[in-house]
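Student: Please take me through one part of this model up close. Pick a strand, then work outward to what lies around it.

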Amino acid sequence: MYSIISIKALSKTYKSGFEALKTVDLEINRGEILALLGPNGAGKTTLISTICGIISPSSGSVSVDGFDIIKDFRKTRSMIGLVPQELTLGSFDTVLGTVRFSRGLFGAKRDDAYLEQLLKDLSLFDKKDSEIRALSGGMKRRVLIAKALSHQPKVLFLDEPTAGVDVELRKDMWKIVNKLRNQGVTIILTTHYIEEAEEIADRVGVISNGELLLVEKKDELMQSLGKKQLVIDLKEPVKEIPSSLEEYNIELNDGGTQISYTYVVKDETADVSEILNKITNSGLLLKDLKVEQSSLEDIFVDLVKEES
């Protein structure tokens, strides 16, 4: 698949000596949704800011649709929309005026019909003549999204776009994201709401301490690194696991009324049917059983723990 963003050996070290990015290599495919996950201070915002030309890299290169972000800054920046974490808006500008001005900054021709539809999609149209200072925090967040999309970019960066916003805005945001994906726009988002990444992302990248630990297709990541847990409720509580099951690392839970066996999905040696048969023949009285799948959040937490 053709990559629209190519990042090679990118690093960023500040004058203080702090390494915000450590030799990051990444190819971002045209039209995909890539979720970047990582704890605070991991380097997510630094990576985005560097690609957008806000921060200068210490070494390495970044190209957008074949154009270098330094040599062809105006060209690459015009292809990118950015929704930052911070609310950076002029207090006395109107909503429509702000969005129209933002479109003009990128050299796009005036198109009020497009901008009005964009404001409608973001539930902002009835506020188009309102000054920014009169808006709520959630409405200001919507204006930031409208500004980022005002010039119809090929690439959209969403840096914690739904942090601290209401459920309605979050739903509107993901509706627009899906609409943009259908139009071929490439979307890169950072989020603390890992369930959102799990729902909409095509690929997931995990970054920690300035290093990109992995980038994989979401489904493949959950298959290769995910865990499953066989949970069995017992009819009668027991004090200990029968000796015939000691080799299987089975845990006793809930005061002896439940046992569980955890295994890695990719582990071909984990024969669940054999283990279940041995549990059945161990003398334990089974009441109910279920299999639980680890979430993307579980995988993320495990990866970051390993790195630290």
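Tutor: Start with D159 in this predicted model. The bridge partner of D159 is T190, which sits in β8. That pair belongs to a longer contact: β7 and β8 (residues 186–190) run parallel and are joined by five bridges.

Now take β7 itself, residues 155–159. Is this strand mostly covered or mostly open? Mostly covered: five of its five residues are buried. Here, buried means under 20% relative accessible area. In a regular strand, side chains alternate between the two faces of the sheet. Look at both faces in turn. On one side of β7 lie V155, F157 and D159, and these are buried. On the other side lie L156 and L158, buried as well. Both faces of β7 are therefore covered, by the under-20% cut-off.

β7 also pairs with β6, residues 80–83. Their pairing is parallel and runs over four bridges. Find V155 in β7 and look across: I80 stands opposite.

β6 leads on to the largest pocket. Its volume is about 390 Å³. There are 17 lining residues, and R77, S102, L105, F106 and H151 are the closest to the centre. Which elements give two or more residues to this lining? They are α2 (73–78), β6, α3 and α5. The largest share comes from α2, with four residues. By class, the lining of the largest pocket holds nine nonpolar, five polar and three charged residues.

Two of those helices, α3 and α5, turn up again beside α4. Helix α4 spans residues 112–121, and its buried residues are L115, L118 and L119. Why do these three fall on the same side of α4? Because they cover an arc of only 100° around the axis. The buried residues of α4 pack against α3 (95–105) and α5 (137–149). After α4 comes S123, with a positive phi near 55°.

α4 also takes part in the second largest pocket. This pocket has a volume of about 240 Å³. Of its 14 lining residues, the closest to the centre are Y114, L149, Q152, L180 and Q183. At least two lining residues come from α4, and at least two from α6 (167–182). Which element gives the largest share? α4 does, with four residues. The lining of the second largest pocket divides into seven nonpolar, four polar and three charged residues.

Last, contrast the parallel pairs of β7 with another sheet. Four strands form an open sheet, in the order β2-β1-β4-β5, and here the pairing is antiparallel. Its edge strands are β2 (19–29) and β5 (67–68), each pairing on one side only. At the β5 end, two bridges join β5 to β4, residues 59–64, and the two strands run antiparallel. To find this pairing on the display, look for V64: it stands opposite F67 in β5.

To recap the part you asked about: β7 pairs in the parallel sense with β6, and β7 also runs parallel to β8. All five residues of β7 are buried.

Key. Residues numbered from 1 in each chain as written. Predicted model: local features only at pLDDT ≥ 70, side-chain atom pairs only at ≥ 80, totals over all residues. Heavy atoms only, no water. Buried < 20%, exposed > 50% of the residue type's maximum accessible area, 1.4 Å probe, protein only. Arc of directions from axis to C-beta. Contact = heavy atoms within 4.5 Å. Pairing = 2+ DSSP bridges. 1 Å grid on protein atoms, 1.4 Å probe; cavity = no way out; pocket = protein on both sides within 12 Å on 5 of 7 lines; lining within 4 Å. Points joined across faces, edges and corners; volume = space filled by probe spheres on them. Nonpolar A, V, L, I, M, F, W, Y, C, P; charged D, E, K, R; others polar.
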